[in-house]
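Student: I am new to this structure and would love a close look at one single part of it. Could you pick a residue and walk me through its surroundings?

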Amino acid sequence: MAGKIEPMRPAALARALFARRSGYEMLLAAFALALLLGVAVAACLGAVPIPLRNVAATLLGGHALTSDQNLILLNIRLPRILAAIMAGSALSVSGLLFQGLFRNPLADPYVIGSSGGAVLGAAVGIFLFPQLSIAGFSATAFLGVLGAICSISLVYALASVNGRTPVVALLLAGFAVSTMLSYCSYFLEIMDHDFGTGLRVLTSWLRGTMAQPTWPQIAVMACMVLVGMGASLPLTRKLNTLALGEEYAAHLGLHLQQTRIAVIVVGSLLTAVAVALGGLISFVGLIVPHMMRMILGPDHVRLLPATALAGGIFLLVADTAARTMIAPSELPVGVLTAFIGGPFFLYLLRQAKKEVFA
Amino acid sequence: MNSLLTFADVEFSYPHRRLFHALDAEIPADACIALVGPNGSGKTTLLRLAAGSLRPARGDVRLRGESIASLSQRAIARSIALVPQNVEVSFPFTVQQFIEQGRTPYLKLFGGLSPADRHAVEHAMALTDTHSLRSRVFNELSGGERQRVKIALGLAQQPALLLLDEPMQHLDIGRQLELIGLIKRLRRHGIAILASMHDLTLIEEAFSFVWMLAPGQELVIGSPHEVLRPELIGRVFDCPPQRGPMLLKPAANRSERIRV
């Protein structure tokens, strides 16, 4: 060891850089800029290319496009772009929340079965109560949130031992619950007699295909995302305290039960939004918070905005790639994130090897 | 009378074990008390009762005359800080982020640390000499550093009473003496201390009182001289007095030996 100078690892360098307030704000600004740039580029790409300057001109109020291009941009591409951003953001933030709650960096809405719960809840809504609506919202959305809450509560109850969730217990409980849920959804599919839109929706959810929402749908989803993010804000500080362990956190005045319930409800709301927009998209809630933690450290308060922005960028890029790579047909974005996220998940699992195989 | 914390007729049991029958004791505002007793005699339980994390089955724990049961945990944590034996932090939080958690009982739902909060954190780091550790990762600290940082978190709560659970555990002799120095320093700052101690040799240096717990017996309270007598230690710890700990030599010699 003597005389050997350890070179600073890139992650450590980044942490030192972003530890300062100015560095952190620069990073957020850079993310915001990258997101805008991503929107502009994604709007150009597709089966019908639209030049960037025409996109910019249209968005700024001009009329630079033909009516076809206008239609594609406003009714197909922009809704899809916004859907990808919101789904990526929502998934990443719910991943962050669940990781803090489970005190485990492997908790991801998909892995621990909360996405599966949302799909099942929504499928129940589609197949069994298609006409029902509660306060203007369709029962589907409501049941999706409820399904996510139920499944994650179940996984939490199964996997936690004295307030900690060992990796193995978490993964096994999540695996069992999400497998049951997926097959319940298939069961519902068989029960469905008219083989209509419900089936198509369910199939695309199970594959993780980004939806093409209408503008009113986007408005509703945007409201839910904003509510979820806003509610996450006070929770992030509580998650920092929770990292000390439940007993210590309780001694410092944290209400454990309230915090757990709040995190589960908010995380499930965000998961359900993401599922409604893109179905089962795996590992995004794992990759994005982990990368942000690598460069910003573990403080959840600082991680929240960065994770929200980076999650939006990540899924926008992934979805744009998914729909252009093999144009004119397209890949479900869930397939792509599984390809990227699977190996990444295994890498993280290997990092946790000591705990897993001890 | 200037009692900070009072145990009044406290009874507490675990499902198969009765620990305290009718515990009566009080911690004066400037006391520095060592809590000793054999394994399983309820030292940690007593600290948890004092911190309000456990509630007595009967009787009352009172903070400045007010029953702890009537106070919120936030309010308790602003007056009493419990420094637990083992802390495992998920995620690589830095020492500074760790110590800042001591401000949790003061924070509002929204908004970050106020200047007063930051000042309390700085002061806690200054008292425990942990400034130089501030950007290290908590989980990577050595045993002695960890202990000081844990105490710093407790001090960031700006408590009137600091409860230390086995602070000397797993520390080498040098770090133990360092900690004794820290306890003396805290005494001078008017913070009352109740610390459970395994190593009886270090008590006389820093503590003004000893509480000795023994299963099924009354709590013995007195000065170190009064309590740490060979025959009493022999009886309570069930070890032959002649082979007991070395603290049984005259006090003058000992303090010379220990002073560094």
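Tutor: Happy to help; we will look at one residue in chain B, and then turn to chain A for some background. Please keep in mind that this is a predicted model.

Our residue is B:Phe91. Look for B:Phe91 in the loop of chain B that runs between strand 6 (80–83) and helix 3 (95–100). Is B:Phe91 buried or exposed? Its relative accessibility is 10%, and buried means under 20%, so B:Phe91 counts as buried.

What does B:Phe91 touch, leaving aside residues up to four places away in sequence? From chain A, the contacts are A:Gln99, A:Gly100, A:Arg103, A:Asn104, A:Pro105, A:Arg293, A:Pro298 and A:His300, and from chain B there is B:Asn139. Next to B:Asn139 in numbering comes B:Phe138, which sits 47 residues from B:Phe91 in sequence, with 9.5 Å between their C-alpha atoms.

Now for chain A, which supplies those partners. Chain A has 15 helices and two strands, and 53% of its 358 residues are buried. Of the contacts in chain A with a separation of 6 or more, 76% join residues 24 or more positions apart. Chain A exposes about 16,500 Å², with carbon and sulfur atoms supplying 71% of that area.

For a contrast with our buried residue, try A:Val41 in helix 2 (residues 21–44) of chain A. A:Val41 has a relative accessible area of 40% and is partly exposed. Together with A:Leu37 and A:Leu45, A:Val41 forms a nonpolar surface patch with about 260 Å² of accessible area.

Note on methods:
Residues numbered from 1 in each chain as written. Chains lettered and ligands numbered in written order. Predicted model: local features only at pLDDT ≥ 70, side-chain atom pairs only at ≥ 80, totals over all residues. Heavy atoms only, no water. Helix = DSSP H or I, 4+ residues; strand = E, 2+ residues; numbered from the N terminus. Buried < 20%, exposed > 50% of the residue type's maximum accessible area, 1.4 Å probe, protein only. Contact = heavy atoms within 4.5 Å. Areas by Shrake-Rupley, 256 points an atom, 1.4 Å probe, with all protein chains shown as cover. Patch = residues over 30% accessible without salt bridge, like charges linked within 9 Å, V, L, I, M, F, W, Y side chains within 5 Å. Salt bridge = Lys/Arg side-chain N within 4 Å of Asp/Glu carboxyl O.
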